[in-house]
Amino acid sequence: MAGIFQFKQFSVDQTGCAMKINTDGVLLGALIKADDTKSILDIGTGTGVIALMLAQRFPFAKIDAVEIDQSAAQTAGKNFENSSFAERLSVFPLAIDDFFNERPVKKYDLIISNPPFHLNSLESPKAKKSLAKHTGEGFFEDLIKGIATHLSENGLFGLILPLQAGELVKILAEQYGLYLQNTISIHSFVADAPHREILVFGKENINTASDKFVIYDEPKMYSEMYKKALKDFFTIF
């Protein structure tokens, strides 16, 4: 069926979502590491794909997914209902600050986001895609302030960003008591400069671990690293 992306253990209908399933999202869902995770928050869930991937990876976790776009939230909700993880997944059609304000004491073991990242850029020609992809520095400060309050003591916050936006987030995170614990640089090819980073923060100030992830060995030929990361999810592997 058109618009349906079939994974090994679930399917994702992308109808009504301005931001479709993309490499950034599936890499975040596959590569983020966490121990003893019982509660997860996915900020800006879109189709719900990252939340579904994490539901598959963490079978005892309950996952809240927040999405400000009403149409996308409705689609994510249907994707959750149609999955075998439905009882552990909930979607909330709210702005994240409203979600946090309604739950002042709620804490999460893992908070993840594939957020808007075009800092102070021109608006996209399509309004919904603009809402999903374009933002300013104030967005990230408000986001991190809320996350710092709602992250459990040993919890982790992970997101994927271009390098410019990532540098801003590193500065803001430390201002709110969140310290960079792991960086995964994402490269198209082994000799290329990184174009994205997965950044993982926690409340403990420890040495930062760094990893390199390469998507392709050659044009249109996925690396073994990529295949290994997505083999539990993608039907092509």
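This report describes the overall make-up of a predicted protein model and then a number of its residues, helices and charged groups.

Because the model is predicted, local features are given only where pLDDT is at least 70 and side-chain atom pairs only at pLDDT 80 or more, while totals for chains, interfaces and linings use all residues. Residues are numbered from 1 along each chain as its sequence is written, and side-chain values use heavy atoms, with hydrogens and water left out.

## Overall make-up

The secondary structure comes to 8 helices and 14 strands, where helices (H or I, at least four residues) and strands (E, at least two) are DSSP runs numbered from the N terminus. Of the 237 residues in the protein, 50% are buried; here buried means under 20% relative accessible area, exposed means over 50%, and partly exposed lies in between (1.4 Å probe, protein chains only). The protein exposes about 11800 Å², of which carbon and sulfur atoms supply 51%, the areas coming from the Shrake-Rupley method with a 1.4 Å probe, and for residues only the protein chains shown count as cover. Among the contacts (heavy atoms within 4.5 Å) with a separation of 6 or more, residues 24 or more positions apart account for 69%.

## Buried positions

Helix α2 (residues 49–57) is largely enclosed by the rest of the structure, because 8 of its 9 residues are buried. These buried residues are Val49, Ile50, Ala51, Leu52, Met53, Leu54, Ala55 and Gln56. Ala55, which lies in helix α2, has a relative accessibility of 1% and so counts as buried. Leaving out residues up to four places away in sequence, Ala55 touches Ile63, Phe85, Arg88 and Leu89, and its C-alpha atom is 9.1 Å from that of Ile40, a residue 15 positions away in sequence.

Phe80 belongs to helix α3 (residues 70–81) and is buried, with a relative accessible area of 3%. Apart from its neighbours within four places in sequence, Phe80 is in contact with Thr45, Gly48, Ala51, Leu52, Ala65, Ala86, Leu89, Ser90 and Val91. The C-alpha atoms of Phe80 and Ser90 are separated by 7.6 Å, although the two residues are 10 apart along the chain.

Two further buried positions are found in a strand and in a loop. Ser39, in strand β3 (residues 39–43), has a relative accessible area of 13% and is therefore buried; with residues up to four places away in sequence not counted, Ser39 touches Lys62, Lys107, Tyr108, Asp109 and Leu110. Gln14 lies in the loop between β2 (11–13) and α1 and is buried, with a relative accessible area of 13%. On the same basis of excluding residues up to four places away, Gln14 touches Gly3, Phe5, Lys20, Ile21, Thr47 and Thr75.

## Loop residues with positive phi

Asp36, in the loop between α1 (23–31) and β3, has a positive phi of about 50 degrees although it is not a glycine, and at 60% relative accessibility Asp36 counts as exposed. Lys220, placed in the loop between β13 (216–218) and β14 (221–222), likewise has a positive phi, of about 65 degrees, without being a glycine; at 84% relative accessibility Lys220 counts as exposed.

## Charged groups

Side chains of opposite charge can pair when their charged atoms come close. A search of the whole structure finds 7 salt bridges, each being a side-chain nitrogen of Lys or Arg within 4 Å of a carboxyl oxygen of Asp or Glu. The table lists three of the pairs.

| Pair | N to O distance |
|---|---|
| Lys38 and Asp36 | 2.4 Å |
| Lys227 and Glu224 | 3.4 Å |
| Asp232 and Lys231 | 3.4 Å |

In the pair with Asp36, Lys38 is partly exposed, with a relative accessible area of 42%. Lys227 and Glu224 both lie in helix α8 (residues 224–230), 3 residues apart, which is about one turn of the helix. Lys227 counts as partly exposed at 30% relative accessibility, whereas Glu224 is exposed, with a relative accessible area of 55%. Asp232 and Lys231 both count as partly exposed, Asp232 at 43% relative accessibility and Lys231 at 39%. In addition, Glu167, Lys170 and Glu197 are linked in a network of salt bridges.
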